Amino acid sequence: MDAYAQKEEAKGPTGGTGGEGNVDKGGHEHIEDLDTTMSRRLWVGATWALTFWIPSPFLGICGRMKRPDVRMAWREKVAICILIVFMWFLLLFIIIGLGLILCPKEYVWTLDDVSGRDTEKSSYVALRGTVYDITDFMKQKHGTSAYKSTEDAILASYAGNDINASFPIPVRVACPQFVTQKDDPNYLYFYPVQGASEVNPDEANMFQHTMNRDPTSKELQDPSFFTKYALPTLDKFKKGGVVWKYDWIESMYKEQSKYWRVVNKEVFNLQPYFDAAKGDLNVNKKYNILDSRLEEIMDQGGYGTADVTKDWETLTWDPATRQANYNCMKNLFYVGNVDDRQSVRCLFTNYMLLAFACLLMLVVLVKFLAALQFGNKRRPVPPNKFVVCQVPCYTEDDESLIKTVNSLTGLEYQDNHKLIFIACDGNIIGSGNDKPTPRIVLDILGVDPEYDPPGRDYLAIAEGSRRHNIGKVYSGLYEYEGHVVPFMVVVKVGTPDEANRSGNRGKRDSQILLMSFFNKVHFDLPMTPLELEMFHQMRHIIGIDPHSFEYILQVDADTEVMPDSLSRLIAACSSDQRIAGICGETMLGNENKSWTTMMQVYEYFISHHMAKAFESLFGSVTCLPGCFCMYRLRSADGKPLLVAKPVLEAYSELHVDTLHKKNLLSLGEDRYLTTLMMKHFPQFKYKFIQDAKCKTIAPEKWAVLMSQRRRWINSTIHNLAELMFLQDMCGFCCFSMRFVVFLDLFGTITMPTTLGYFIYLIYVAVTGLADVGYISLILIGCIYGVQAIIFILRREWQHIGWMIIYLLAYPLWSCILPIYSFWHMDDFSWGNTRVVVDDGKRKLIVNDDKEFDPASIPQRRWKEYEMDL
């Protein structure tokens, strides 16, 4: 994938335009019937169900999507985006919305909170279960004193306190059903209790009023002063309710024998009531205004609990009596509600976030341990295994190609046991180059410019007449720093009638060219003229029998392989015959070029030392990168692996006609090859070793990086979706590779929500909404701290700086790049092939410049061809 994939993207128009590729549209049409699987039918039905509201004519006229297959791919992209956005909202709902539903936001205060608000800039008071902000109220003129300074000082003394005692309510006003003016002409009071301490009613309070205090204000003379004048004024400054911790209420009830009671989470301080009811002044039980049955419930002498809700509900009262007693009790003795902010219901989502952070921490810890096990090992003595170093190239420049060829030549491995195989994908002049890529390669290798071998036909991975391609084979020896290594170059030159980008068939075709060759070598199958020429030059010119090769090392044309890397890869495979594929660490060769490359250094490092190291524990590295990996051609007992028929057939798919196939085979062919190997050979291992290293060139401009990550992210989603349905994956339930794949897929899809998750955690921590916010942030900080430990243990201190740069760019990685990628999932070249539905069947129509029959390419077995030679 990597750099080659970026260059592939520049080949032609993208999906929305329905580009024609590099074959001139002709009058011939090649038509094939296509099978439709049940899963494809179900997905198409789901796509139409999600996008039916978008009319096809609109896409054709406004979207310039003339072809039905392009419109269908666009619909599939929209359907996938709809599902992704739905998952975003579902995840955010679970993180944030579910908590608000289970425990709606309450603006409540404890008396401790109120007591801290006693300054001139912030003055709060608690009154009958409600908190008020009197900061501005204190600055107003009240008209109750000639000396404003004295008035302000008195008001300031109330800040931060419970001022229930300052507003006693006449019982006949609070409980008109129980006490009338006839029963109590001089007003009966139950003096409120401030907090947990009693207040002496004889002490003068500024707003305390009773008949014997001779109030001079007309308003104060009104028995309903509190409800008619005080509350309407105070409501303008209301901040919320007062809450009490239930444990404190229980201790007041049991340990101090105070009459604090809870009914339906409402808290009542009945201490003044029972003090008066049990006092010497209670003549004729004038203070026993509540129903005797209610008094019995409330006066349990410290037995049971402070919460008497069940007893309250069991009282056999008529509704009017129940309501009258409740109103009386609420007006006189209500002091707030039970504080349930620390209940399981309210803390459920917070603890869920904590559990999620713990899960992340656990996964990272396991990855950390996995990374530690891959310590530096002594350089192995490699066995005598034959290896093909395959290098597909397209439009690379001299510098990149020289670096790659020299690094492969200089590998500390027996020169006569390795072959550098370079496939030039078309006779194309790259941007900034003054000659075609094949000529650059041949000049580097010292091939005589006058030498022009005959072209040989072969069947390419394409549709219609583009299946016919012609290649030229060059071979010889290349010398570099004392190493003399055989090489073979196959230049795909194309047929004579190709107008532009002649011979270009893509990276996958270059890979399959060699895979198909070794498949036919293994099974002694008929070969095309190009494959016969390759066999001839390997055996008779280079001097290596093609049957001798056991491994293919895949390297991109801008990758520099470290000298001991191949020997380490071969040694690892030789020590474990069950390894079918292996990769090493890919580092950046241009890390200091720009801020864009600096942002990628940490990501490259950690994706290998933690992600691939972790997957390697399962023997299931899900992506062996095409820029640097190695596959075993056959097992120790001779069973074909990379060149097996099922792998070759699936990877040689000709009709890449759907969005899913395009992302698998056009955008993420390297990852898909790993997927196919895991699918057909689940009993084998796919490993990572950190001692084998290479350097590659990362995008230096943001636009190029976006283009690259668009391909990587989308191909990752489609490949992980394929892996999810593999039958044989090691492990069970949450301890399985399938679960790891699911986490990767879910994490890739919901990546943008992680930014919102972190913002929410910071908000929770800063606002003090829950202590779990701090805990989660600390755990997440530990995650990156653990990663920093890896750097320290490996003595790679510079990566701590790279990590900081990466974290600063986290919104770009987690939000901008994924969203851009999801929406551009259908951006790729469509060529001349289109799919139509006729009589309920799918038909593939290829507009060709001429008719072509694959059988016209002659194929012969090597032994027959060798006899003729």
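Where is Arg64 found? In this predicted model, Arg64 sits in the loop between α3 (56–61) and α4. The legends below start with that residue.

**View 1. Two residues with positive phi, Arg64 and Ser257.** Arg64 is not a glycine, yet its phi is positive, at about 55°. With 64% relative accessibility, Arg64 counts as exposed. Ser257, also not a glycine, has a positive phi of about 55°. Ser257 is placed in the loop between α9 (246–254) and β6 (260–263). For context, most residues other than glycine have a negative phi.

**View 2. The disulfide between Cys175 and Cys328.** The count of disulfides in the model is one. The bond joins Cys175 to Cys328, with an S to S distance of 1.9 Å. The torsion about this S-S bond is about 75°, so the disulfide is right-handed. Cys175 lies in the loop between α7 (171–174) and α8 (225–234), and Cys328 lies in helix α13 (residues 319–333), so the pair ties together parts that are 153 residues apart in sequence. Both ends are buried: Cys175 has 0% relative accessibility, and Cys328 has 1%.

**View 3. Cys623 and Cys629, with Cys583 as the closest cysteine to each.** The closest cysteine sulfur to that of Cys623 belongs to Cys583 and is 8.0 Å away, too far for a bond, because a disulfide needs sulfur atoms within 2.5 Å. Cys623 is buried, at 10% relative accessible area. Cys629 is in no disulfide either, the sulfur of Cys583 being the nearest at 7.1 Å. Cys629 counts as buried, at 1% relative accessibility.

**View 4. An open sheet of 10 strands with mixed pairing.** The strand order is β11-β12-β13-β10-β9-β14-β17-β16-β18-β15. The edge strands, β11 (456–459) and β15 (560–561), each pair on one side only. Strand β16 (residues 579–588) and strand β17 (residues 628–632) run antiparallel and are joined by three bridges. Within this pair, Ile582 has Met630 of β17 as its bridge partner. In general, strands of a sheet pair through backbone hydrogen bonds, either parallel or antiparallel.

**View 5. Helices α16 and α23 lying across strands.** Helix α16 (residues 437–445) lies across β9 (386–393), β10 (418–424), β12 (468–480) and β13 (483–492). The angle between α16 and β13 is about 160°. Helix α23 (residues 669–680) lies across β14 (549–555), β16, β17 and β18 (685–696). Relative to β17, α23 runs at about 30°.

**View 6. Leu459 in strand β11 and its contacts.** Leu459 lies in β11, which is one of the edge strands of the sheet. Residues up to four places away in sequence aside, Leu459 touches Arg467, Thr528, Phe852, Pro854, Ile857 and Gln859. Leu459 and Ala855 are 396 residues apart in sequence, while their C-alpha atoms are 9.6 Å apart in space.

**View 7. The second largest pocket.** This pocket has a volume of about 1,400 Å³. Its lining is made up of 38 residues, of which Ser39, His660, His718, Ala721 and Glu722 lie nearest the centre. At least two lining residues come from each of α2 (38–51), α4 (68–102), α22 (659–667), α23, α24 (702–724) and α25 (737–749). Helix α23 is also the helix that lies across β14, β16, β17 and β18 in View 5.

Terms used
Residues are numbered from 1 along each chain as its sequence is written. This is a predicted model: local features need pLDDT of at least 70, side-chain atom pairs count only at pLDDT 80 or more; totals for chains, interfaces and linings use all residues. Side-chain values use heavy atoms; hydrogens and water are left out. Helices (H or I, at least four residues) and strands (E, at least two) are DSSP runs, numbered from the N terminus. Buried means under 20% relative accessible area, exposed over 50%, partly exposed in between (1.4 Å probe, protein chains only). Two strands pair if DSSP finds at least two bridges between them. Contact means heavy atoms within 4.5 Å. Axes are lines fitted to C-alpha atoms, for helices over the stretch in contact, and angles run from 0 to 180 degrees between N-to-C directions. On a 1 Å grid over the protein atoms alone, a cavity is a set of points where a 1.4 Å probe fits but cannot get out, and a pocket is an open set with protein on both sides within 12 Å along at least five of seven lines; lining residues have an atom within 4 Å of a point. Grid points are joined across faces, edges and corners, and a volume is the space filled by probe spheres set on the points.
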